[in-house]
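Trainee: I've never looked at this one before. Could you walk me through it, one question at a time?

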Amino acid sequence: MTEPKTLGLQDQEIIKEETERTRDCHCYIPRTDIYEVNEIIHVILDMPGIDSNAIEITLEKNVLNVKGYAQIPDFDNHTLVSSEYEPGDFERSFRVSDSIDREKIKANYKDGVLRLTLPRAEMAKTRKIEIKAN
Amino acid sequence: MYRRYRIPSVWQEMNQMQQEMSKWLNLYSPQRMESTRAYPAINIWADEESAIIAAEIPGVPKENLEINVTGDTLSVGGERLLDEIPEGARYHRQERITGKFDRSIQLPYTVDVNKVQATYKNGILKVILPRIEAEKPKKITVKS
């Protein structure tokens, strides 16, 4: 039996850019899980507080880029009295190998989590090569 | 003349030391503002009649969130699960945290339990906690 792990808060890494941002909020690097099952690579990114239509996913050359633009909440008449997190944008890039079928990359956003599936191309799937004995 | 010269130089020295110190402190403290290390991170907005609490809890379906309000305390609990992958497959990278969490927040007033509203959208839980009528601040006019 393993003791259930109690969650602690992790620090959210902020992207340090050389150029200045034009948007008045931080840009974070989303924490990501990556695993591969049945020739499909799953990429899961925590991007809370982003609307699904404010997410941009682009694939240029070999770079898959994910951007999410936050909507900073504002409540009239209420003042912020305690703050432990700052809403912000998210951005992260991944290098995608040639063996990925670019046409079949899918994305799904639910409950603040973006899930990407990157299937390997038919051609690139590992083939077992028999060695002929002479 | 001598004194006038000496005093600012001491202050300069002090200033320099202070700058040096804060530089080191900043190096070793996290980027974000210091806070309790409890999960989830919570922001609180308030006015005289209610408080709005927002928490970043991505990836927990709302059915799995447990929100309780008793008296002046709000508690939020749930569990972040790891995707189950078949045997043989492995994680190339695992940065997202998993596990159970349970956090309570005490408010400076009794909450009107019947009027509490909770929404969960895009991984952000928002709870509106109105103050009970009896504890709302009353304006008292001074008679002349």
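Trainee: Let's start with a single residue. Is V116(B) buried, partly exposed or exposed?

Mentor: Keep in mind that this is a predicted model. V116(B) sits in the loop between β6 (99-106) and β7 of chain B. Buried means under 20% relative accessible area and exposed means over 50%. V116(B) has a relative accessible area of 23%, so the residue counts as partly exposed.

Trainee: What is the distance between the C-alpha atoms of V116(B) and I128(B)?

Mentor: Those two are 12 residues apart along the chain. Beyond its sequence neighbours within four places, V116(B) is in contact with several residues, including V127(B), I128(B) and L129(B). The C-alpha atoms of V116(B) and I128(B) are separated by 5.7 Å.

Trainee: Staying with chain B, what pattern do its elements follow along the sequence?

Mentor: Chain B holds one helix and eight strands. The helix, α1 (2-28), and the strand β1 (42-46) have a loop between them where P40(B) lies. Reading along the sequence, you get α-β-β-β-β-β-β-β-β.

Trainee: You mentioned P40(B). Which residue comes before P40(B) at the cis peptide bond?

Mentor: As a rule, most peptide bonds are trans. The one leading into P40(B) is cis, with omega near -5 degrees. The residue on the other side of that bond is Y39(B).

Trainee: Now chain A. How many strands does chain A have?

Mentor: Chain A has zero helices. Its elements run β-β-β-β-β-β-β-β-β from the N terminus on. The strand count for chain A is nine.

Trainee: What share of the residues in chain A count as buried?

Mentor: For chain B, buried residues make up 35% of its 144 residues. Chain A has 134 residues. Its buried share is 38%.

Trainee: How do the strands pair up there? Do β5(A) and β7(A) run parallel or antiparallel?

Mentor: β7(A) pairs with two strands we can look at, one of them being β1 (residues 27-28) of chain A, in the parallel sense over two bridges. In that pairing, C27(A) has D89(A) as its bridge partner. On the β5(A) side, L64(A) stands opposite F94(A). Six bridges join β5(A) to β7(A), and the two run antiparallel.

Trainee: F94(A) makes me curious about pockets. What is the volume of the second largest pocket?

Mentor: F94(A) is among the residues nearest the centre of that pocket, along with I34(A), I41(A), V43(A) and R95(A). The lining has 14 residues, divided into eight nonpolar, two polar and four charged. β2 (32-37), β3 (40-46) and β7 (89-95) of chain A, together with β5 (91-94) of chain B, each supply at least two of them. The volume is about 260 Å³.

Trainee: And which element gives the most to the lining of the largest pocket?

Mentor: The largest pocket holds about 460 Å³ of space, and 22 residues line it, with G49(A), Q71(A), P73(A), K121(B) and I124(B) nearest its centre. Elements giving two or more residues are β4 (50-60) and β5 (63-70) of chain A plus β2 (50-56), β7 (117-121) and β8 (124-130) of chain B. By class, the lining has 13 nonpolar, five polar and four charged residues. With three residues, the top contributor is β4(A).

Trainee: Back to single residues. Is D111(A) buried or exposed?

Mentor: D111(A) lies in the loop between β8 (106-110) and β9 (113-119) of chain A. Apart from sequence neighbours, D111(A) is in contact with residues of chain B, among them P58(B), Y120(B) and N122(B). The relative accessibility is 18%, and the cut-off is under 20%, so D111(A) is buried.

Trainee: What about N38(A), is that one buried or exposed?

Mentor: Most residues other than glycine have a negative phi. N38(A) has a positive phi of about 45 degrees, and D111(A) has a positive phi too, of about 50 degrees. N38(A) sits in the loop between β2 and β3 of chain A. At 66% relative accessibility, N38(A) counts as exposed.

Key. Residues numbered from 1 in each chain as written. Chains lettered and ligands numbered in written order. Predicted model: local features only at pLDDT ≥ 70, side-chain atom pairs only at ≥ 80, totals over all residues. Heavy atoms only, no water. 1 Å grid on protein atoms, 1.4 Å probe; cavity = no way out; pocket = protein on both sides within 12 Å on 5 of 7 lines; lining within 4 Å. Points joined across faces, edges and corners; volume = space filled by probe spheres on them. Helix = DSSP H or I, 4+ residues; strand = E, 2+ residues; numbered from the N terminus. Nonpolar A, V, L, I, M, F, W, Y, C, P; charged D, E, K, R; others polar. Pairing = 2+ DSSP bridges. Buried < 20%, exposed > 50% of the residue type's maximum accessible area, 1.4 Å probe, protein only. Contact = heavy atoms within 4.5 Å.
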